[in-house]
Each structure stands twice: as C-alpha cells, then as structure tokens.
Amino acid sequence: MDLRIVERAQQGDQEAFAEIAHAIAARLYAVAYRILRDHDRADDAAQHAIVAIWRDLPGLRDPDRFEAWAYRILVNSCYAEARRAKRAHEIPGFGADPTAPDDVMTVADRDQLERGFSRLSADQRAVLVLQHYLDLGLPEIAELLGVPLGTVKSRSHAARQAMRAALEADARQAKGAQPA
C-alpha cells in the first residue's frame, strides 16, 4: 500500500481512503470467506472491517504497517461474525456458493475440506487462512492477531490435528460404505 495514500487518509482525505478501500476490499473479503466459510457473513465482516479501518485510521501509529493492522481488524470482525452466527444457531458454511468454480480440487476433495474446516473454531480457521492463504509466518500471525507466538503455534497445531482427524474419519467412513 502506498504510504502517502495511507497518510492522506489518516488526515481525513475521503478520496484517499476510497482508493485504499477499493484496493483492499477483495482481499479482505477473500480472507473473511476463508475464515467464516459463508459468503454473507464474509461480506458483513469485510464491510465492518472497512468501516472500522476508516474510523480507527487516525490512530494508526505506523502507516507502513497498514496492511497487517487492517488484517487484524478484519480477523477481529470475523470473530465477531462467528460469535453472531453461533448465537443465531446457524451452520457456518451453509451459504457456500455451490456454483463457484472448482480450481484444481475435485468436488469431493472440496467437500471433505469444507467438512473439516467446519469442525474448527474461528481462531483455528483464522490461523490456517493467514498461514496458508496469505503465506504469513507464525511470528507475523502472532503479531497480527496480538497474541503470543505460543498461542498461534497451539492453534495451528490443533487446527492441523482436527483437519487430519476429520479427513481420516471421512476416509474410514468412505471405506466402510463401499460394497464388499
């Protein structure tokens, strides 16, 4: 992100912020969707994050850290959306777009991963998304989330274990369902 645009936006320049919002909106939504697994909730989280970024931008101490700061706001917005979904007793991922194109994965692979992801907490999904989708290292994720490195390592480990268990359970179930 261009430092001058961030500084102009910090000073209240609405056109500069509109440029920033336009540049980051798609990435914020993509990360939010990967954490929340629901298009509508991801859209809400990304929109709430953009509003919070505008509101809190004057307090950003280091404009060079804008993107990490914005992702932290987004992840917190995703956590809030996940809590709202839990209170409303909704199933995360229920609104997944069935018409979205499959890149490399087969439908069965995508469905299997989706089931595994649905078993993870929002904290665990956030760590996996930041780690594997944004290619951030664990120290960067810890800084971005504002939690100790050990917490990020623990969440990452627990998420991988839960995904592995879910994939193995699906494989056992598929093997048991085959005719003899």
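Let's start where helix H2 passes helix H6, in a right-handed crossing. The model you are looking at is a predicted one, and this pair of helices is a friendly way into it. H2 covers residues 14–36 and H6 covers residues 122–133. Two packed helices are described by the angle between their axes and the distance between the axes. For H2 and H6 the angle is about 135 degrees, and the axes lie 8 Å apart. That angle makes H2 oblique to H6.

Which residues bring the two helices together? On the H2 side they are Ala-30, Val-31, Arg-34 and Ile-35, and they meet Ala-122, Arg-125, Ala-126, Val-129 and Tyr-133 in H6. Sorted by class, the residues of this contact comprise 7 nonpolar and 2 charged ones, with no polar residue among them.

H2 has another partner to visit. Helix H1, made of residues 3–10, packs against H2 at an angle of about 125 degrees, and their axes are 7 Å apart. H1 is therefore oblique to H2. Here the crossing is left-handed. From H1, the residues Ile-5, Val-6, Arg-8 and Ala-9 take part, while H2 contributes Ala-16, Phe-17, Glu-19 and Ile-20. This contact of H1 with H2 holds 6 nonpolar and 2 charged residues, and again no polar ones.

Now step back to see the whole chain. The protein chain has 8 helices and 0 strands, so to read its elements from the N terminus on is to read α-α-α-α-α-α-α-α. Of its 180 residues, 39% count as buried. Among contacts with a separation of 6 or more, 67% come from residues 24 or more positions apart.

Next, follow the chain out of H2. In the loop between H2 and helix H3 (39–56) you will find Arg-37. Most residues other than glycine have a negative phi, and most peptide bonds are trans. Arg-37, however, has a positive phi, near 60 degrees. Is Arg-37 buried or exposed? With a relative accessible area of 14%, Arg-37 is buried.

A second loop residue makes a good companion to that one. Asp-135 sits in the loop between H6 and H7, and its phi is also positive, near 55 degrees, in a residue other than glycine. Asp-135 counts as exposed, at 63% relative accessibility.

Past that loop comes helix H7, residues 138–145, where Ile-141, Ala-142, Leu-144 and Leu-145 are buried. Why do they line one face of the helix? Seen down the axis of H7, the buried residues fall within an arc of 165 degrees, so they share one face. An α-helix has 3.6 residues a turn, so residues three or four places apart point the same way. After H7 comes Gly-146, whose phi is positive, near 70 degrees.

Our last stop is Arg-155, in helix H8, which spans residues 149–177. Arg-155 counts as buried, at 18% relative accessibility. What does Arg-155 touch, leaving aside its neighbours within four places in sequence? Its contacts are Tyr-79, Asp-123, Gln-124, Val-127, Leu-145 and Val-147. Two of these names link back to helices on our route: Leu-145 is one of the buried residues of H7, and Asp-123 falls in the stretch 122–133 that forms H6.

Definitions and conventions. Residues numbered from 1 in each chain as written. Predicted model: local features only at pLDDT ≥ 70, side-chain atom pairs only at ≥ 80, totals over all residues. Heavy atoms only, no water. Axes fitted to C-alpha atoms, helices over the stretch in contact; angles between N-to-C directions. Helix = DSSP H or I, 4+ residues; strand = E, 2+ residues; numbered from the N terminus. Parallel < 35°, antiparallel > 145°, perpendicular 65-115°, else oblique. Left-handed = near helix turned anticlockwise from the far one by under 90°. Contact = heavy atoms within 4.5 Å. Nonpolar A, V, L, I, M, F, W, Y, C, P; charged D, E, K, R; others polar. Buried < 20%, exposed > 50% of the residue type's maximum accessible area, 1.4 Å probe, protein only. Arc of directions from axis to C-beta.
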